[in-house]
Amino acid sequence: MVTKQFTGSPDQADLRRADSLAREIFADVANKWALLIIEALGERTLRFGELRNEVDGISHKMLTQNLRMLERNGLADRRVHPTVPPRVEYSLTEPGRALRETVHTMCDWTHRYLGHIEASRDRFDA
């Protein structure tokens, strides 16, 4: 995987540019599983199994891939405790908690407009 490098250039932070690092980061975190994982972690520290139980319907593979991506982007912290078997815990970093504020707002928006969206879909699909 080729990762774009941030050179401090404004072009690197321009989401409209295909070669923008900002767009790459946005593409990483703007998926349903990442958003649900961020919301589930919140201010808590959870083990893998606890997190999987919190995010209904996520597969082991998807949870693993998204946790690795969040860790790679500095949004989640993975802590391994030296026990037998090893105990692994996940929590959000400061940037991850800041992003969670936006994710939480999106969740609130979804709840607020769910009825409106459902009615619109019913009209559209009729």
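Which element gives the largest share of the lining of the second largest pocket? Helix H5 does, with four residues. Keep in mind that this is a predicted model.

## The second largest pocket

Let's stay with this pocket for a moment. The space inside comes to about 150 Å³. Its walls are made by Ile25, Phe26, Val29, Ala30, Leu35, Leu75, Leu99, Thr102, Val103 and Met106. Two elements, helix H1 (21-29) and H5, give two or more residues each to that lining.

What about the chemistry? Sorted by class, the lining of the second largest pocket holds nine nonpolar residues and one polar one, with no charged residues.

## The largest pocket

Now for the largest pocket, which has a volume of about 200 Å³. Here the residues to look for are Lys32, Leu35, Leu36, Val103, Met106, Cys107, Trp109, Thr110 and His111. At least two of the lining residues come from helix H2 (32-41), and at least two from helix H5 (94-125). H5 again has the largest share, this time with six residues.

The class count for the lining of the largest pocket reads six nonpolar, two polar and one charged.

## Residues on both lists

Try picking out Leu35, Val103 and Met106 in the structure. These residues line the largest pocket, and they also line the second largest pocket. Helix H5 ties the picture together too: it supplies the largest share of the lining in the largest pocket and in the second largest pocket.

Notes: Residues numbered from 1 in each chain as written. Predicted model: local features only at pLDDT ≥ 70, side-chain atom pairs only at ≥ 80, totals over all residues. Heavy atoms only, no water. 1 Å grid on protein atoms, 1.4 Å probe; cavity = no way out; pocket = protein on both sides within 12 Å on 5 of 7 lines; lining within 4 Å. Points joined across faces, edges and corners; volume = space filled by probe spheres on them. Nonpolar A, V, L, I, M, F, W, Y, C, P; charged D, E, K, R; others polar.
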